[in-house]
Amino acid sequence: MSGTPRLLALCGALTVSGMLAAAPAAAHVRVDEGHQPPKGGYGIVRLIVPTESQQASTVALTVTLPQDVDLSSARTLPVPGWTASVETEGAGERARVSRISWRAVNKDGGVKPSEFGEFTFSAGPWPENVDTVALLSDQTYSDGSVVSWNEIAVDTDTEPEHPAPTVTLSAPDHTHGGDGHGAQQGPAPGDTTLIAAAPAVGESWWWRATSLVSLVVALSTAAALAVVLRRRS
């Protein structure tokens with residue numbers, strides 16, 4: 001193999017490997033770190049849900065709250081073509097949110113392959129004595145398969161194969177009263193409501209970073225090729 005073809009093959013391999021290196025980390029169901037609910041207060045959690053399957057669509061997402069996290073209320077942000085429900089357990093002052101679920105009205109309205117969805121809820125009060133809360137999540141596909149994102153990392157240097165989305169809590173905010181939800185509207189706890197309104201769906205920072213990595217690798221490859229071709233001519 002001559003010098004130029006060998007370099008072309010190497011540059012192509014680098015481009016592909018760079019894109020593959022960025023893709024797996026972005027494929028997990030995760031929490032958008034742009035929203036961090038305050039300890040002891042109410043706040044918004046936005047879940048980024050990519051469809052990893054190449055054949056099936058994401059048609060449901062169920063989030064289970066840990067037993068030691070006592071959220072007294074939660075409200076979901078409308079998603080077009082989806083229903084949402086908030087399940088509670090206990091009664092009176094001991095009532096707590098146990099599960100939050102979203103389900104596509106039909107399979108054609110799910111999150112298709114190569115797409116991602118955003119599922120947002122406002123809830124509280126969040127615990128005061130912890131820094132993070134793991135949200136055990138089940139992602140259901142149109143072919144009936146279910147992927148459980150329920151593994152907790154044992155340290156900061158490793159990541160499990162199916163990590164649970166984790167909410168990072170911010171410092172306490174004592175400026176808000178009431179139920180903490182403000183003017184945000186959504187289904188009340190225990191309700192299942194057909195969603196009609198369409199929220200704005202924006203890209204998460206992680207997807208922008210993934211695209212930037214791929215772009216940098218591609219530009220570097222093009223520059224290397226230009227240098228080789230100029231020398232040979």
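How many helices and how many strands does the protein have? In this predicted model, colouring by secondary structure brings up two helices and twelve strands, and if you follow the chain along its sequence, the pattern reads α-β-β-β-β-β-β-β-β-β-β-β-β-α.

Keep the whole protein selected for a moment and switch on its surface, which exposes about 12,800 Å², with 56% of that area supplied by carbon and sulfur atoms. Of the 233 residues, 37% are buried. Among contacts between residues at least 6 apart in sequence, 74% join residues at least 24 apart.

Next, select strands S1, S2, S7 and S4, which form an open sheet in the order S1-S2-S7-S4 with antiparallel pairing. S1 and S4 (73–76) stand at the edges and each have a single partner strand, so one side of each is left without a neighbour in the sheet. Narrow the selection to S4 and S7 (residues 116–124), which run antiparallel and are joined by four bridges; here Arg75 can be picked out, standing opposite Ser122 in S7.

Finally, turn to the largest pocket, whose volume is about 450 Å³. Its lining comprises 22 residues, and those to select as the closest to its centre are Glu159, Pro163, Ala164, Pro165 and Thr166. The elements that give two or more residues to this lining are strand S1 (30–31), strand S8 (132–134) and strand S11 (166–168), so labelled in your selection. Colouring the lining residues by character divides them into eleven nonpolar, six polar and five charged.

Conventions: Residues numbered from 1 in each chain as written. Predicted model: local features only at pLDDT ≥ 70, side-chain atom pairs only at ≥ 80, totals over all residues. Heavy atoms only, no water. 1 Å grid on protein atoms, 1.4 Å probe; cavity = no way out; pocket = protein on both sides within 12 Å on 5 of 7 lines; lining within 4 Å. Points joined across faces, edges and corners; volume = space filled by probe spheres on them. Nonpolar A, V, L, I, M, F, W, Y, C, P; charged D, E, K, R; others polar. Pairing = 2+ DSSP bridges. Buried < 20%, exposed > 50% of the residue type's maximum accessible area, 1.4 Å probe, protein only. Contact = heavy atoms within 4.5 Å. Areas by Shrake-Rupley, 256 points an atom, 1.4 Å probe, with all protein chains shown as cover.
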